[in-house]
Amino acid sequence: MQIGVIGLGRMGGNISRRLMRAGHRCVVYDANPSASAALSQEGAQAAHSLADLVKRLDEKPRAVWVMLPAGRITEDTVAELGGLLKAGDIIIDGGNTFYKDDIRRAKELAAKKIRYVDCGTSGGVWGLERGYCLMIGGPKDAVDYLDPIFSALAPGAGEIPRTPGREKNDPRAERGYIHAGPSGAGHFVKMVHNGIEYGLMQAYAEGFDILRNKDSKDLPEEERFELNIPDIAEVWRRGSVVSSWLLDLAAAALAKDPDLENFSGLVQDSGEGRWTIEAAIEEAVPAEVLSSALFARFRSRQQHTFGEKMLSAMRFGFGGHVETPQSAPSNESK
């Protein structure tokens, strides 16, 4: 198939490469001309603008994959494509757009009979080799038409054993992609996926912090252990119930830098965690772990908050505990 790809960053570029490896024809565009030029050396056709990209798509219906950061840049790009494409054509948003924006865009484009597909894309910088887990929302006819694209991007069944009882279920899930539902459903599933990711990462982070501080001077001497954190991460990868790809990545980082001195500890959030908590509130679903993980990221960006100063003030008030600004907590991470 032929497809246009807009946004050639770490994921957009590799999505194009994986599609070309599978025999698909890619017309690519990026605001940075050097990114388009680089992919043209690998077999893609480079466009000079959105209008030029649409003009170069000669296979009907035309399909354009937008791989840009959520927000204004994606909004503007989809709106411009909506003025360039014709009835029956398809726009795929493969970024991390808020699912309610997908619902609105799909309605707006439907008035022009342009089909809109939202695709939650997981795989990061490893997707080129491992494949991408895809969570897709949109009209069935458009999703079915794009199946060769999704199949090429997905990881495939690989060596993962089949789940018992799935023999009569949709086989696409076993190959790493699903049609989750109507417009917005794909990004909603990906949003919750990222919320869960926050919780898993926070659990690992807290657990390793407890292990690392087991030699704290605040503990009785006979209860202090100087543990080999890289070895613990490695052994947990093998046969443990907490093994995962996230643990694989943690083990690799610890093997290279056991003290993680090259990391600041300041952790950003990209929006999906917040949206997941908003959805939990709307649905009245308790989400203690996911919300705590999000708040922990907020905390990582601060030194000492006003709230913590209030705690110190109250502790001084009832117990005379003196905690000066220079005081460090006794279990401070090393």
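Residues 326-334 are the stretch in which pLDDT, the predictor's confidence in each residue on a scale from 0 to 100, stays under 50, and for these residues the model has 11 contacts beyond four places in sequence, a contact being heavy atoms within 4.5 Å. The structure is a predicted model, in which local features need pLDDT of at least 70 and side-chain atom pairs count only at pLDDT 80 or more, while totals for chains, interfaces and linings use all residues. Residues are numbered from 1 along each chain as its sequence is written, and side-chain values use heavy atoms, with hydrogens and water left out. Averaged over the protein chain, pLDDT is 92, and 94% of the residues score at least 70.

Taken along the principal axes, the C-alpha atoms of the protein chain fill a box of roughly 75 × 45 × 45 Å. Of its 334 residues, 39% count as buried, where buried means under 20% relative accessible area, exposed means over 50%, and partly exposed lies in between (1.4 Å probe, protein chains only). The accessible surface, computed by the Shrake-Rupley method with a 1.4 Å probe, comes to about 18,800 Å², of which 57% belongs to carbon and sulfur atoms. Among contacts between residues at least 6 apart in sequence, 64% join residues at least 24 apart. The chain carries 40 positive and 46 negative side chains, and the centres of the two sets lie 6 Å apart; Lys and Arg count as positive and Asp and Glu as negative, with His and the chain ends not counted, and each charge is placed at NZ of Lys, CZ of Arg, CG of Asp or CD of Glu.

The secondary structure comes to 14 helices and 8 strands, these being DSSP runs numbered from the N terminus, with at least four residues of H or I for a helix and at least two of E for a strand. The 8 strands form an open sheet in the order 3-2-1-4-5-6-7-8, with mixed pairing, two strands being paired if DSSP finds at least two bridges between them. The edges of this sheet are strand 3 (45-46) and strand 8 (177-181), each of which pairs on one side only. Strand 7 (residues 133-137) runs parallel to strand 8 and is joined to it by 4 bridges, and Met-135 stands opposite Ile-178 in strand 8.

Several loops hold local features that can be followed along the chain. In the loop between helix 3 (50-56) and strand 4 (63-66) lies Pro-61, and the peptide bond that leads to Pro-61 from Lys-60 is cis, with omega near -5 degrees. Lys-112 belongs to the loop between helix 5 (99-110) and strand 6 (115-122) and is partly exposed, with a relative accessible area of 46%. Leaving aside residues up to four places away in sequence, Lys-112 touches Gly-82, Gly-83 and Ala-87, while its C-alpha atom is separated by 7.5 Å from that of Lys-86, which is 26 residues apart from Lys-112 along the chain.

Two further loop residues have a positive phi although neither is a glycine. Leu-260, with phi of about 50 degrees, lies in the loop between helix 11 (245-256) and helix 12 (272-283) and counts as partly exposed at 35% relative accessibility. Ala-284, with phi of about 55 degrees, is found in the loop between helix 12 and helix 13 (288-300) and is exposed, its relative accessible area being 67%.
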